[in-house]
Amino acid sequence: MHSQTPPPTPKGPSIDEIPEEQHRFSQDSIQIEAEEPASERSSASSIRVAAASQETSHRSLSITQRLLALSIQFTNLAIQRSSPASGGPVKDTINLIKSVPSIGRTGGTNLRKKLTASQYGELRKAIQSSEDAQLQAFFWDGFDYTRSKKLFEIRIPTAVHQFLGSGIAAGIGLWYTRLRASGDEEVARAASSVMSAGSADVEFPFATGESDSKSPDKSFTHTNCKRQCNFPNVIVEIGFSQSRNDLTNTAKSYICRSKGEVRVVIGVALDKIYQAEKRNEARLKSMYMGAREPDEIKSYCYEEDEHNETGEGAILIWRPEFGLRGKVTATCVRNEIFRDNNGNRVDSTLLGLSLQDFICKNTKDSSAGNFVAPPPELLAGDLCRWIDDALVLYREKMNKKVKEEAENEKKKQQ
Ligand SMILES: [Zn+2]
């Protein structure tokens, strides 16, 4: 979920700590340079999926607990910001993680810090040994670490990610839960082994030192494992602010770096919708800039403005291809538009997956995997509805943000 097309103006409390010229990756990135020799060699990938139970326990924090955490974090943030700069990149990163609630988890702009592998190791240790449950929860909620780029990135999902991710995971969950009651014993047993692993981090280790870590939007793994599978079989990646290229690279990276153990990546490409939203926001901003009195736009409702444009959405599926000497490449085997430029659903058979994709490779390749089960389905209509519902929330957020920006600019012009 690397945002390739950044929002027009960087926002967030930490932006004041970084001079403009350091915004190297994109405008929305927040970085601090770190020094360490890059003598880091990739080893064969034997990888673990972080304990889903750990993630579940963090995610099961009640809304009240989260709200309480939020207010505590606000207070902490205020204290931290009034005290002198301290502590180096690890401390800075912890402060950045703590600031996530005040930035707003639906802002959709990922936060980035430059960290060497050893600094990242220190960060993990500091967070693991911390008694701050909320800090741990926000940390495990989704981040990526890439050693070659010395890049630590906190993922800030938008409503679009949340609605679509939950909808797709629920749809797949309902499908395999129903199959567990199948009269066909092999199908029932296979379906019983499928397990949702949410956004549990996927790790790509090196010979020494810290692993790379990537947090998918959703993932599925299995029980009854016959071969110590260390990766989820199926990953769902939602690309909204991400370009199509970035989404492709992410999908390929999961498949190739796992040496084909990740057998399916489902990509939801919404980059055209994101671009349409940027155009809507530009129009909105010029409207706010042109308004003389607040009363002029009092009755205006951005979410319902019929001038709002939208864009097409597509489902892409990647699978591994095994070449000579264990070489694994990722191939896009499906690319289907499910939503047209006007937001209307395009009916199509989506996914093209089977129950075999979700079970242990050993079972799949044995006689026990030789069954026929109904495939999972995602309806174009459902996907479009989730997107439309999410866009209402997304636009509400962006409306506030754009209005504030316009007001600040107008003040400066006076
Ligand atoms: Zn397995």
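Here is a walk through this predicted model, from its overall make-up to its sheet and its core.

Before we start, two notes on reading it. Residues are numbered from 1 along each chain as its sequence is written. Because the model is predicted, local features need pLDDT of at least 70 and side-chain atom pairs count only at pLDDT 80 or more, while totals for chains, interfaces and linings use all residues.

Let's begin with the whole protein chain, which has 12 helices and 11 strands. Both are DSSP runs numbered from the N terminus: helices are H or I with at least four residues, and strands are E with at least two. Of the chain's 414 residues, 38% count as buried. A residue is buried if 20 or more other C-beta atoms, placed from the backbone, lie within 10 Å of its own.

Now find the open sheet of six strands, whose order is 4-7-8-9-10-11, with mixed pairing. Two strands pair if DSSP finds at least two bridges between them. Strand 4 (194-196) and strand 11 (328-339) are at the edges with a single partner strand each, so one side of each has no neighbour in the sheet. From one strand to the next, the twist averages 20 degrees.

Strand 10 (313-322) is a good place to pause. Eight of its 10 residues are buried, so to speak of this strand as mostly covered follows from the cut-off of 20 or more C-beta atoms. Strand 9 (residues 264-269) pairs with strand 10 in the antiparallel sense over five bridges, and V268 has I315 in strand 10 as its bridge partner. Strand 10 also pairs with strand 11, again in the antiparallel sense, over 10 bridges; here A314 stands opposite I337. These two strands form a hairpin with five residues between them, and R325 in the turn has a positive phi of about 50 degrees.

Helix 12 (residues 380-413) lies across strands 10 and 11, at about 80 degrees to strand 11. That angle is taken between N-to-C directions, on a scale from 0 to 180 degrees, using lines fitted to C-alpha atoms, for helices over the stretch in contact.

What is in the core? In soluble globular proteins, nonpolar side chains tend to be buried together. A nonpolar core is a set of buried Ala, Val, Leu, Ile, Met, Phe, Trp, Tyr and Cys residues joined through C-beta atoms within 7 Å. The largest has 63 residues, and those touching the most other members include I315 and I387. Beyond its neighbours within four places in sequence, I387 is in contact (C-beta atoms, placed from the backbone, within 7 Å) with V160, L164, I273, G313 and R339.

How values were computed: Contact = placed C-beta atoms within 7 Å. Buried ≥ 20, exposed ≤ 12 C-beta atoms within 10 Å, placed from the backbone.
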